[in-house]
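Subject: Structure handover

Hi,

Here is the structure I promised you. My notes on it follow below.

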Amino acid sequence: MSAKLEAIGIAKRYGDSVALEPTDLAVQAGEFLTLLGPSGSGKTTLLQMISGLVAPSAGRIEIAGRDVTHVEPGKRGIGMVFQSYALFPHMSVWDNVAYGLRMRRKSREEVRKAVDDALAMVRMSEYAKRFPKELSGGQQQRIALARCFAYRPSVILLDEPLGALDKKLREHMQSEIRGLHKELGATFVYVTHDQDEALTLSDRICLMNQARIEQVGTPADLYDRPATRFAAGFIGHSNLLEGAIDETRGAGGEPILLAAGGRIPLPVNTPVAPATRHTLLLRPEAPRLVEPQSGFVDGTIADIVFFGSDTRLQLSMNDGSALSVRCGRSLSPRIGDRVGLVWDPYRTTLLHA
Ligand SMILES: Nc1ncnc2c1ncn2[C@@H]1O[C@H](COP(=O)(O)OP(=O)(O)O)[C@@H](O)[C@H]1O
Ligand SMILES: [Mg+2]
């Protein structure tokens, strides 16, 4: 049970301030789409207009091809989960999960089966008789999920549902939510400001910035081919190398970017004009260490940061800029060492200003 969801020219203003510029977004039936972006970028506003809790200033919302812009939240066939679990404190777990079903006037037998199934799905069946205050934060959030799943909505909206949990529990709940999405088969729209969470969970990510969509794509699209400086900086670790295109091309006809104190080859067909300034994204895992003066750029190891699975070198480049490079555990670099770097030019991305 899943439905396609579409926002068409949807926008929100509060007086003179713009919470969301006119925005188009289509979420496929059964897809897990994440709205990712910094605080204040308009994620909650967009989600709440989909839910019907906030009325748009312009545009419309369609669910399964039906215009629901003027349909009240309870009649849109959607479920919602928020950061604060909003469980009723005076009701048992079982009654909390049953509440929405009773409101929908389901028969006693239907309610019993739906509640039991939903509690089993979040593995909380043994806790049915407890009260919310007798549960941990993670358990309460599981009940909030069960309460939403119980009436089998075809679209589920989640606004930072794991925001209140500590890191370890959050990671555990992430894999549970991913599993529940598969099991339910519903369309999920998930809000977070945490890039790792978005990369882990999503079929696609809608990256938001300053009241508009910056880029929509798969996690790999956003990581490997960020469209803008903002996208490159927000997702993953990045080095941004700034410089001008050299007047002369390289031996293979490739354009050369003068940056980080070196001559950096770009893919041969990169459309650039000489003397124009550009920014190149170089992920820390792309370069390989070589002898000084035998790579594209040279630097001095200024710091070595241990990350468990690998080591991150902070390099001070010849032009004074800093560069972060991942290095395998087999090498044993020392602070003060001079190193050169080479990489596959096709693993870099030239960014728009
Ligand atoms: N009820 C409101 N009245 C006025 N401004 C609001 C209201 N709700 C949100 N905003 C503003 O809209 C912008 C987007 O907010 P929001 O959608 O909550 O961002 P996010 O969820 O990405 O943190 C922010 O600048 C916020 O201050
Ligand atoms: Mg928000």
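T44 offers ligand 1 a polar contact: a polar side-chain atom of T44 lies 2.8 Å from an oxygen atom of the ligand. Please keep in mind that this is a predicted model. T45 also contributes, with an N or O atom of its side chain 2.5 Å from an oxygen atom of ligand 1. G40 uses its backbone instead: a polar backbone atom there is 2.6 Å from a ligand oxygen. On its own, ligand 1 has 560 Å² of accessible area, and the protein covers 55% of this.

The shell around ligand 1 consists of Y14, A19, P38, S39, G40, S41, G42, K43, T44 and T45. By class, six of these residues are polar, three are nonpolar and one is charged. Which element gives the most to this shell? Helix α1, residues 43–51, does, with three residues.

Now to α1 itself. The rest of the structure largely encloses α1, because seven of its nine residues are buried. The buried ones are K43, T45, L46, L47, M49, I50 and S51. G52 follows the helix and has a positive phi, near 95°.

Next, the aromatic residues. The structure holds six aromatic pairs. One of them is F32 with F188: the ring centres are 5.4 Å apart and the planes are at 35°, so this pair is tilted. F32 sits in strand β3 (residues 32–36) and F188 in strand β8 (residues 187–192), so the pair ties together parts that are 156 residues apart in sequence. Are these two rings buried or exposed? F32 is buried, at 0% relative accessibility. F188 is buried as well, at 1%.

F188 also pairs with F149. Here the centres are 6.4 Å apart and the planes are at 40°, so this pair is tilted too. It links distant parts of the chain: F149 lies in helix α4 (residues 137–149), F188 in β8, and they are 39 residues apart. F149 is buried, with a relative accessible area of 2%. F32, F149, F188 and Y190 form one aromatic cluster.

Last, the cysteines. How many disulfides does a search of the whole structure find? Zero. C148 is buried, with a relative accessible area of 3%. C206 is buried too, at 0% relative accessibility.

Best wishes

How values were computed:
Residues are numbered from 1 along each chain as its sequence is written. Chains are lettered from A and ligands numbered from 1 in the order in which they are written. This is a predicted model: local features need pLDDT of at least 70, side-chain atom pairs count only at pLDDT 80 or more; totals for chains, interfaces and linings use all residues. Side-chain values use heavy atoms; hydrogens and water are left out. A residue is near a molecule or strand if one of its heavy atoms lies within 4 Å of it. A polar contact is a pair of N or O atoms within 3.5 Å; within protein, one must be able to donate a hydrogen and the other to accept it, and residues adjacent in sequence count only if both atoms are side-chain atoms. Accessible areas come from the Shrake-Rupley method with a 1.4 Å probe; for residues, only the protein chains shown count as cover. Helices (H or I, at least four residues) and strands (E, at least two) are DSSP runs, numbered from the N terminus. Ala, Val, Leu, Ile, Met, Phe, Trp, Tyr, Cys and Pro count as nonpolar, Asp, Glu, Lys and Arg as charged, and the others, Gly among them, as polar. Buried means under 20% relative accessible area, exposed over 50%, partly exposed in between (1.4 Å probe, protein chains only). A disulfide is a pair of cysteine sulfur atoms within 2.5 Å. Rings of Phe, Tyr and Trp (its six-membered ring) pair if their centres lie within 6.5 Å; planes under 30 degrees apart count as stacked, over 60 as edge-to-face and the rest as tilted.
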